[in-house]
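Please open the structure in your viewer and keep the selection tool at hand. The tour proceeds by selecting a few elements in turn.

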Amino acid sequence: MCITQLSVTLGLLGRSGCSSVGCVHHLFSRRCSRKRAFQIAKSFLPILEWLPNYRVKEWLISDIISGLSTGLVATLQGLAYALLVAVPVGFGLYSAFFPILTYFFLGTSRHISVGPFPVVSLMVGSVVLSMAPDEHFLIEGSNATGTNGTGALIDTESRDAQRVLIASTLTFLVGILQVIFGVLQIGFIVRYLADPLVGGFTTAAAFQVLVSQLKIVLNVSTKNYNGVLSIIYTLVETFEKIGTTNIADLIAGLLTIFVCMVVKEINDRFKHKIPIPIPIEVIVTIVATGISYAADLEKKYNAGIVKSIPRGFLPPEPPNVSLFSQMIAASFSIAIVAYAIAVSVGKVYATKYDYAIDGNQEFIAFGFSNIFSGAFSCFVATTALSRTAVQESTGGKTQVAGIISAGIVLISIVALGKLLEPLQKSVLAAVVIANLKGMFMQVFDVPRLWRQNKVDAMIWVFTCIASIILGLDLGLLAGLLFGLLTVVLRVQFPSWGGFGNIPGTDIYKKVKDYKNVIEPEGVKILKFSSPIFYANIDGLKSSLKSTVGFDAVKVYNKRLKALRKIQKLIKKGKLKATKNGIISEPGINNEAFETDEEPEDNQDLQVPTKEVEIQVDWNSELPVKVNIPKVPIHSLILDFGAVTFLDIVAVRSIKTIIKEFERIDVRVYFASYQDNLISQLERGAFFDDTVRKDIFFLTVHDAVLYIRNQMTYSDNQDPIFEKISLMQESKEPIEFSEASQPDDELDVQEEAMRRLAS
């Protein structure tokens, strides 16, 4: 609004008798509140963001073509994936239709095709089979409608109804969990599913799917195993009964697998020349249905066919809430896996087409989709990689293509279901197997992972094996725990090393990795590449010992032991002390050379409070036989550039380390620290009169230059000013000077060391 317009508005408002400023503020606040409300509405309903900007002339034709192609594939995959859930195939059509309706309004991805996915379908199927096995529906008499693997009569109608109820109830519960995760803004939880973990898990799931569909291709009746080693039991029983294979189903299945894989390979290799991928699954299904109907394979060869696909929709039914307690654990893992797959695929296409997807909103979108579809006897929806690839490669621009694909599925439900009843189940199972190629190809990622990062390769292999042996739910949990364990171990045992200077520069590199680096004289530099906390503080201490070449505590104890012996010998007159050091009395057997067999426990080394101030060069040969490690350094620099945080245990331990080195005349400095470390140290009461902030430097080179200046200044000092007590050269008793008690944690022994060691 310009100044003239604003003045006219104020004048009109003034004539109306209201406060001009108040009314203007009210108008602007109303405008802002409406804008804010619209922004909130768009965040919850992303369709309000993209639909008003829909380019009808540019995108509509592409979306229609994409929707038609995707709808045909979705129809077939819905039928096929229902076999994985162990429900009648017609319910797969419902699962390919209803989830799209809600995702169209709530989803943020423009390209993913929402519906069943083999891995998630198999996880749902494992829950269904565990809660409604054939053994629960055994009956006697002529009312039997089927047989299980042992030939016992079962009531398939009651069994299928119960399994549909379990699957829809599980879907409803998964949707509730996903909505809760989205509202609580914990979409980050999927970050703990690392790519190697997901790769190993989906490969194991593909193997599980292959085994579950193998018996359908062979038309061999087996028990429905579930749980640990279920895949092994299924394979064993399948091969034990392989003699009962139906040849017609086997031939149809093998031909379907061969044709689908060949045509899919052609689609991949010539995708730049073929404008629309060949919908081979649809073509094979139509041809197989025609052959089965014309040859009457069911009656002549006892082939297993779909038989019945319900026309129209079933009325919505509420979930069986009493089943929630039995499936809550499985629903949690299914909710996370379904979300992770959808978001992973969505991010690929979002990056390709330069737009963003909201992870938390995706949780909400899929949550409401599963809640809505669960009421219509569907099973859990996510996205399928192959179906999404068809939607994108055929020109799909937005979720308008998804709605059109749902329309194709709707036509199949209402009108075309009857035509698919002669279709062999082995053909559907073969279509599922043919779509597993991409997941099986992930096996070739393992050698590359091993070359790049052995830990990631181990996560992949462990998750895959665990998911095959333990089942998908326990395998995923085991893989997740193993992945977290590797992170803990990598933090607990991080990389470290001594660093040296590249001559002529201010650059410092690891001594072991570079030949020409030089360690500053009398200085050791240690870089510890990890946060420091209670679990790896021992690792820091161990790396310190390896870097400097000695144990500061042992050196200190050895020096105390040597001082005690020197005192005794001076009192006995067997040693003579001068201001230049300690010498033995001529002609006297030096009994100070005794074996070093006394314990090194600091509590046993009681140094009296009255001490003799003498000058001892600890790096020279002493007149007492005590093995004292040499200390070739005067300074230690800790490079904390990779340390992101310190806990209270680390703060206390580092302060102790400083004092341990200080009492053997080794100064400790810190370099390249992050700013937040200082505040953490302050909160941990790290600084005091002895540990001050002047030992912290911005870079390692700054610390090295400071140490050099200090040593140069120290070398220029006149030795006459050093405090050296004149020792009596006679054998009369020596008068001891009182050792002052320190105010800090250092006891009398440490104070004695500070005055006695030069």
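Begin by selecting helix H4 (residues 56-85) together with helix H11 (residues 280-295): they pack at an angle of about 60°, and their axes are 9 Å apart. Please bear in mind that this is a predicted model. Angles from 35 up to 65 degrees fall outside the parallel and perpendicular classes and count as oblique, and H4 and H11 are therefore oblique to each other. Their crossing is left-handed.

Next, display the side chains where these two helices meet. On the H4 side, select Leu-72, Val-73 and Leu-76; on the H11 side, select Glu-281, Val-282 and Thr-285, which they meet. Of the residues in this contact, 4 are nonpolar, 1 is polar and 1 is charged.

Now move to helix H24 (residues 648-662). Its 15 residues, at 1.5 Å a residue, should span 21 Å, and the C-alpha atoms at its ends are indeed 21 Å apart, so expectation and model agree.

Which residues of H24 are buried? Select Ala-650, Val-651, Ser-653, Ile-654, Lys-655, Ile-657, Ile-658, Lys-659 and Phe-661. To see what surrounds them, add helix H22 (537-548), helix H23 (552-572), strand S11 (635-639), strand S12 (667-671) and helix H25 (675-683), against which the buried residues of H24 pack.

Finally, within helix H25, select Gln-680. Is Gln-680 buried or exposed? Its relative accessible area is 14%, and buried means under 20%, so Gln-680 is buried. Apart from its neighbours within four places in sequence, Gln-680 is in contact with Thr-644, Phe-645, Leu-646 and Val-651. Val-651 is also one of the buried residues of H24.

Definitions and conventions
Residues are numbered from 1 along each chain as its sequence is written. This is a predicted model: local features need pLDDT of at least 70, side-chain atom pairs count only at pLDDT 80 or more; totals for chains, interfaces and linings use all residues. Side-chain values use heavy atoms; hydrogens and water are left out. Axes are lines fitted to C-alpha atoms, for helices over the stretch in contact, and angles run from 0 to 180 degrees between N-to-C directions. Helices (H or I, at least four residues) and strands (E, at least two) are DSSP runs, numbered from the N terminus. Angles under 35 degrees count as roughly parallel, over 145 as roughly antiparallel, 65 to 115 as roughly perpendicular and the rest as oblique. A crossing is left-handed if the near helix is turned anticlockwise from the far one by less than a right angle, and right-handed if clockwise. Contact means heavy atoms within 4.5 Å. Ala, Val, Leu, Ile, Met, Phe, Trp, Tyr, Cys and Pro count as nonpolar, Asp, Glu, Lys and Arg as charged, and the others, Gly among them, as polar. The expected span of a helix is 1.5 Å times one less than its number of residues. Buried means under 20% relative accessible area, exposed over 50%, partly exposed in between (1.4 Å probe, protein chains only).
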